[in-house]
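Morning, everyone. I have one structure to go through today, and I will keep it short.

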Amino acid sequence: MAYNPQRLKKAFYSFSEIFKRQTGFGTPLADADLDTRHNCTVEFEDVVETETIYDCSDEDIFDEEVLSQLKRVTITYSTITPQILFGWIAGLLGAVTAPTGNSANEVQTLTRNGTVSSGDFDLELEFEGKTFTADDIPYNSTQSQIESALIAAGFNPGDVTVESGVQQIETLTIGGTANESEDLEFVVTADGMPNSPKTLQVAIADTDTAAIAAGKARAAMIADPDIGHPTTGFFEISGAAADVVFTAKTAAANDGTMAITYENAHGMTGGTSANTQAGVAINDWSGGMRLNFDGTYAKTEMPLFNVNSAGITGGGTVEIAETVKGGNNYHAATRSTDDKLPKFCMGSGYEGNTTNPKKYRDLVVESVSTVGNRRGNVTATVVLLGRFTPASMAAYDIPDCANLPALKGRDCKIKVNGVYLHEEFWSGTATFSNATPTGEDAFPFDDIEVGDLERGDRPTYPIGLQILGSEGDTIGEICRLRQKVPVEFHYGKPGNRASVILPNVQFKFASNPRTFVGERNRSAHNIDAVPHKDAVLKTPLRAEAYLDQATAFLST
């Protein structure tokens, strides 16, 4: 074989994007299921036990026999996403539920009730340990004024945008059945539309039903540069069956002259559109002021703002209601009760070398470790154990590399004893290990290849924390008294997040209880935290996530 060294930069490692598991031990995933690449580095370690055989004089080595062999795969992520992190944690724990919920941004709408003639109002919202207060908002504020007040209250630009006004909608319902092939005339009238009123001829065919004619009308309207063209048109055109729906692209006061008509001819009944949604001008409070959450709070179910209308005069009030419930697909993972672990596959090879891709199979998650700090990226290390000998992947279609945004420490939260630590948190490490046995019990009686690996009798979940503080403060006292408190690790923004929930964690000082960190050399507690069994969970931990992934993890 020719000398053919490979370049590290060409190495690829592929996995199931939705973290599919094998149907069972010895039944690997199809090659096509390994459909995504992770941005990671991988170290393969051969764990081989051998017996050295000496000659009759017990002096010189005569032979060596392999007694057992397995593969240890260490995957290191210098950047990781909440979805990938939760996938590995789900694999470590072993049991998941089907996802619930749906994906939407929260929308809350401010309205005025009764007579509001002058004055101002306040908005306040508390979420995950932060309080946002916007005071003295004028009763007749424009959407930009409200948005500026929310930014001044502490929201980042883009976290809450404010919209007002309502787009007018006209619905034209076609009737009749064509009795000849001819052009059917439509007239579209709208204030502000170029070339209004505009006449459009739509070709219909003999025996066309109302639904067919409506479909042809929708297509003709979308093609017209003035009426419904996606870029230049005045309307967005939609509808189904016999309806042609015209939605003004811009919110404006209701236009009483807006109408769409079609002629009574060629078997069609003729008719005029109905105003199915009245238009309301931008900054007109009669349509409400819509607070749209996005950015940091995208796809998050948010609490309602509290509205204080004490400063309003005229006898009325400013009120708020949730008009769209925010949220994302909710996933939950718990520790399997039978100690069985899901089996995974991964692909490995080099770009441009289609003869060498290998598929490692029957892999279980031995451990997942995370490291996070205030300003840097969250990093993770995943250790897999499995079958020593890989399978080949002939004609494997290597997935494209996806450069995903890094999970930042600033986007994560830790909650200790019911309190979110923001400024106090400095760094944290957590290692969740199955303590998987790899001794004699892990191998069949008559084979050197590893068998169906399971969780060990004593899995471990040690946590190390550095939290800013000094002797006698709240965290310091919890450590001094070695108290057990609930802890939550939230990796990511609330609508795109993986969380590990540990309800019963004993805090104690490390052997070096205090240190000094950062450029200002501030004091911090060095903490060793040990999760204990929870009476409700019957285990020390569980995991949950809010993610864009709508399919279940660990599916087959």
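I will take a helix, then a cavity, then the cysteines. Keep in mind throughout that this is a predicted model.

Start with helix H1, residues 82-93. How far apart are its end C-alpha atoms? They are 16 Å apart, and at 1.5 Å a residue the twelve residues should span 16 Å, so the two values agree.

Next, its surroundings. Twelve of the twelve residues of H1 are buried, so the helix is largely enclosed by the rest of the structure. The buried residues include Pro82 at one end and Leu93 at the other, with Phe86, Trp88 and Ile89 among those between them. After H1 comes glycine 94, which has a positive phi, near 105°.

Trp88 takes us to the cavity. The count is one cavity of 30 Å³ or more, and the largest cavity holds about 40 Å³ of space. Which residues line it? Besides Trp88 from H1, the lining has Phe15, Ser16, Phe19, Lys20, Leu29, Phe344 and Cys345. By class, that makes six nonpolar residues, one polar and one charged. Lysine counts as charged, and Lys20 is in that lining.

Last, the cysteines. How many disulfides are there? The count is zero, by the rule used here. Cysteine 412, for instance, is in no disulfide: the nearest cysteine sulfur belongs to cysteine 40 and is 19 Å away. The cut-off for a pair of sulfur atoms is 2.5 Å. As for cysteine 56, its relative accessible area is 89%, so it is exposed.

That is what I have; questions are welcome.

Definitions and conventions. Residues are numbered from 1 along each chain as its sequence is written. This is a predicted model: local features need pLDDT of at least 70, side-chain atom pairs count only at pLDDT 80 or more; totals for chains, interfaces and linings use all residues. Side-chain values use heavy atoms; hydrogens and water are left out. Helices (H or I, at least four residues) and strands (E, at least two) are DSSP runs, numbered from the N terminus. The expected span of a helix is 1.5 Å times one less than its number of residues. Buried means under 20% relative accessible area, exposed over 50%, partly exposed in between (1.4 Å probe, protein chains only). On a 1 Å grid over the protein atoms alone, a cavity is a set of points where a 1.4 Å probe fits but cannot get out, and a pocket is an open set with protein on both sides within 12 Å along at least five of seven lines; lining residues have an atom within 4 Å of a point. Grid points are joined across faces, edges and corners, and a volume is the space filled by probe spheres set on the points.
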